[in-house]
Amino acid sequence: MSAETIPSLSPRRMAWFPTRGRISWFEIALLLIACALVVSGMASSLQDVLLLSFLFGGLALAWNIAGGYAGLISFGHSAFFGVGAYASTILSTRYGITPWIGIWIGALIAAMFGAVLALICARLRGPFFILSTLAFAEVVRIGALNWSSLTGGAEGLSIMPAPSLIGMVFASKAAYAALMLFYLVAVFAITKGLEASRFGYYLFAIRDNEDAAGAAGVNPLLGRTAALALSAALTGIGGSLFAQYFLYLDPTYVISPELSFQFALLPAVGGLGTAIGPVLGSFLITPLSELLRSYLGSSAVGLHLVIYSFGLIVVMLYFPAGLAGALDKLTRRGRPR
Amino acid sequence: MRLVFRSCAFVASFLLALTFGAQAQEPIKIGVLLPFTGPLAKNGIENWEAMQIARDMINERGGVNGRKIEYVQGDATNPNAAISETERLITKDGVKITTGSFASPIAIAVSQAAERHGVFHWETTGAAEIITRRGFKYTFQVGAPARKYGQAAVDIVLDDLAKRLKKPAADVKLALLWENRAFGKSVGDGIRTYSQAKGIKLVYDEGYDQTATDMTPIVQKLKDVAPDVLIAISFPNDAILFQRKAKELDFNVAAFIGVSAGYSAPDLRDSIGDSVAGIFVADFPPKVNEGVLKPAVKEVAREFYKRYEAKLKRAPAGHAAAGFSAVWALFTEVLPKAKTYEPDELREIALKLDLPEGSLVNGSGIKFTNFDWPDDPKDAGQNLRASIGVWQWTKTGNEQVFPPELATHEPAMVPLPNWSNR
Amino acid sequence: MSTLIQLILSGILVGSVYALMSIGLTLIFGVLRIVNFAHGEFLMIAMYGAWAFTHLFGLNPYIAAVAIVPAMFLFGAVVYWLVINPALDKPHLVVVFATMALSIFLQNAALMAMTADLRDIPPIFNRSIVIGSIHLKVELLLGFAITLLCTFALQWMIRKTYLGKAIRATVQDGEAAMLMGIPVPRIFLITFAGGSALVGLAACVMVPLFSVFPSVGLNFVLIAFVIVVLGGMGSIEGALIGGICVGVVQSLSSYYVAPAFGQMFFFILFLLVMIFRPNGLLGQQGAATIGMNE
């Protein structure tokens, strides 16, 4: 067990991936390809996969701010997702407030939930933190399921599928794809900004050695709370966008452990604590799971999930630094370190 | 010369056959959205078997207007997978008609996606009231809305069981237990409203989570209020847990009415044995008194039951029979009248349907609302003639007992013997 | 009054069964410092095993334990060898995700092999034990007794036997233990397989009480997590106390508040414990606040 086999989670100098806060040609190329895919008139079933990849890429980046940068591995992020989705949907369907405004209110409420979770888990580390976030999301889920006068209970909430700009409902998938891409790019930019900022360095310090960070004058509790609140707010925005695209909220899905796992899984596969990792994770996993389900779902019951989960185990065991780490290794091969 | 003529004729006939054949072969694609994986898979797969029988039967009879029916499957494990899968079938496979989806939350999700694309959705079993109350144009709920399950359960108490219990209907102590997902809540709401309208007060009225692992508190509370009749809306796993706990704590009622999925599942007998006998179930009728069926339907019904039993080695549950009935109605009453098979045309045909009770295999008729229903003018596509009856588990099988016109048998074992005598 | 006694007694009995299914999880956590997210699926597989045994040979499920417990030990060893061991030297998130993927894998493999049908065995005892107006199910009483026995036996084993001492040494300081000649990797293997074997025992107790289906693990795994943390991760008697707490809280809150909120209350209880006593009721000092595997 040499030190080299343990991949460092901190963003390193990478051939394709630049130092903190800078943008590489690889990332610009990826963005251009994404834009080209949005404007090219592709079949709308593929557009479906594309926009989901963007949305989940953004959500993975949002999770990564807490999980990758601040070391707060949360399995309760679907609570923030659900809170954001419910807030904008309730405001628009019940009070006629346009989602363009509701999204921000949802983000604010999600941020408050995030801060509360950070305070509850102030002293917890490792598995204790993970399981507490899971329990927190369960409390929110059961609350949403039973507070039916507000959330519509188990019947969920429906948004009328009538296209309107004010209602943020579009007829064309390309419009949604553009919206989701914008979300992805925005969260990516925030992540990049964070990497270069003082706050970002505080977070790395807290993650890598909390005691030392505290001694150096960083307030760990404040840092953790701010990171989780920011991550929650961005996740809440993703939730609102999800609601506007699917137009139906089901409490047993939008706040569920499986969704929380999904948020954490994408950065883990792509590469934790890097800006590009979660994006790569989403671009790989989201299309893959959709395609597996559509091609294998009907031939043998459950087979697609068997293959999918088997692949995940293999990836986790053999590429623990994620795709970003694997790519990095590949591009460095033969070069002096 | 002759050879040339012959070969020309041959080629011509071959081409003719090819084009004709191609025309005849062009199938009608129907998207079937059911939960094939996950916790609801069992019911989804039963429904799928029933729907496949309907497809095979219609194709053996030459299809619809000479076109075969072809299914495209979508795995609607949960509402969000349902939306993705519906989108996929519509945009990738070009499906213009969807059907399915067994459970209410999935039905809500599938119809949402179908409506967005203006695709005709023929819902077979989803029951939550909200399905038809969102102002959708292309969603048709052929199965009964949740309210009807509740009404059937309350009606049998008022019209029949009260007499057998020798009590005035207003004095019957009625308790209501519902699982708090979309279906249970919707049926529970219906029962509450309906029994209030009938002047009956519920002595107990609580929801629970279907993943509950301990039923003691619920059964204990019911024991404390000692109802005469309990109406319970459950899924299979919690229904079994409840019955076992009722036995353990010796909780007895004079009549027990289960609603749908949990109590109609054939495995209930495997799980709780013969003590299942005497339990009433308000649900789609698994098999109705043949007398109410139209003669042509009678034949279809016999064939369906024969094939289903041959294939699955047991009689279909009510929801499977309902799934068959609904798609069979689609194949025989809606599609044959179509020319373009476009959703707008299908919608017109569906709205014109006026089939009396007994037109479908499970005793239902069809008459859809179209923003013209006095109870809720926002309602469209709800089938006002869907039949929900009450049947009863017996020592050997089950018998339809209510309403009288569908019944194959009289209600028996009222009051229900205590656990010590079951 | 008798209602309250009934609720508390039932809560204790059910809680002890929950505890039994959680002991394996807590043991694995205490020694390997990992959370097995596929724990619920281990339980599901073992329950299928116990069901099949009873169903095929017509034997009492408690006798099935003779076959199921060793089988689960083997199963645990195979999983350890294939999935856990390769993940141990990697960041702790790797093992979290690997076990989570394993849980999806096992669940869907079971769905393919067994379909989604509910499986049940016929009741073993036809009557409950009745004292006044209190009813107690014999299967639950047996479960309670087995849990107590199992807890004490494990305690004894950990305190007195060589294996137990080796395990304790590994928990205290893995590197020092290795230097003292304790085969730490083998201790890990034995603990993981042993924890799985305990799940096998729990399954035999649970099969007469609950139906088996591919996603049955989901209904129990969150309860197991709560119990393990509540009792203090790695503490065996803590799991017993945690289980009983969860059972009683669930029972009382479902009765006095509303059944739909029963689960919410034990999650809230869990969070409260995390805020005020993060090491759990009987946990090791500082376990919750030190980073794991870092």
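Two strands pair if DSSP finds at least two bridges between them, and with that in mind we can step into this predicted model.

**View 1. The open sheet of chain B brings together seven strands.** Their order is E7-E6-E8-E9-E10-E13-E14, and the pairing is mixed. E7 and strand E14 (398-402) of chain B form the edges, each pairing on one side only. If you follow the sheet across, the twist averages 25 degrees from one strand to the next.

**View 2. Strands E6 and E7 of chain B lie side by side in the parallel sense.** Here six bridges link E6 (residues 174-179) with E7 (residues 202-208). Look for Ala175(B), whose bridge partner in E7(B) is Tyr204(B). To get from E6(B) to E7(B), the chain passes through helix H6 (residues 182-197) of chain B, making a right-handed β-α-β crossover.

**View 3. Strands E8 and E9 of chain B run parallel, with helix H6(B) packed on the sheet.** Five bridges connect E8 (residues 229-233) to E9 (residues 255-259). Within this pair, Phe256(B) in E9(B) stands opposite Leu230(B). H6(B) touches E6, E7, E8 and E9 of chain B, and its direction makes about 160 degrees with that of E6(B).

**View 4. Chain A meets chain B through 26 residues of its own and 29 residues of its partner.** On the side of chain A that touches chain B, helix H2 (44-69), helix H5 (126-146) and helix H13 (276-296) of chain A each supply at least two residues. What classes of residue make up this side of chain A? It has 11 nonpolar, 10 polar and five charged residues.

Key
Residues are numbered from 1 along each chain as its sequence is written. Chains are lettered from A and ligands numbered from 1 in the order in which they are written. This is a predicted model: local features need pLDDT of at least 70, side-chain atom pairs count only at pLDDT 80 or more; totals for chains, interfaces and linings use all residues. Helices (H or I, at least four residues) and strands (E, at least two) are DSSP runs, numbered from the N terminus. A crossover is right-handed if, with the strands pointing away from the viewer, the path from the first strand over the helix to the second runs clockwise. Two residues are in contact if their C-beta atoms, placed from the backbone, lie within 7 Å. Ala, Val, Leu, Ile, Met, Phe, Trp, Tyr, Cys and Pro count as nonpolar, Asp, Glu, Lys and Arg as charged, and the others, Gly among them, as polar. Axes are lines fitted to C-alpha atoms, for helices over the stretch in contact, and angles run from 0 to 180 degrees between N-to-C directions.
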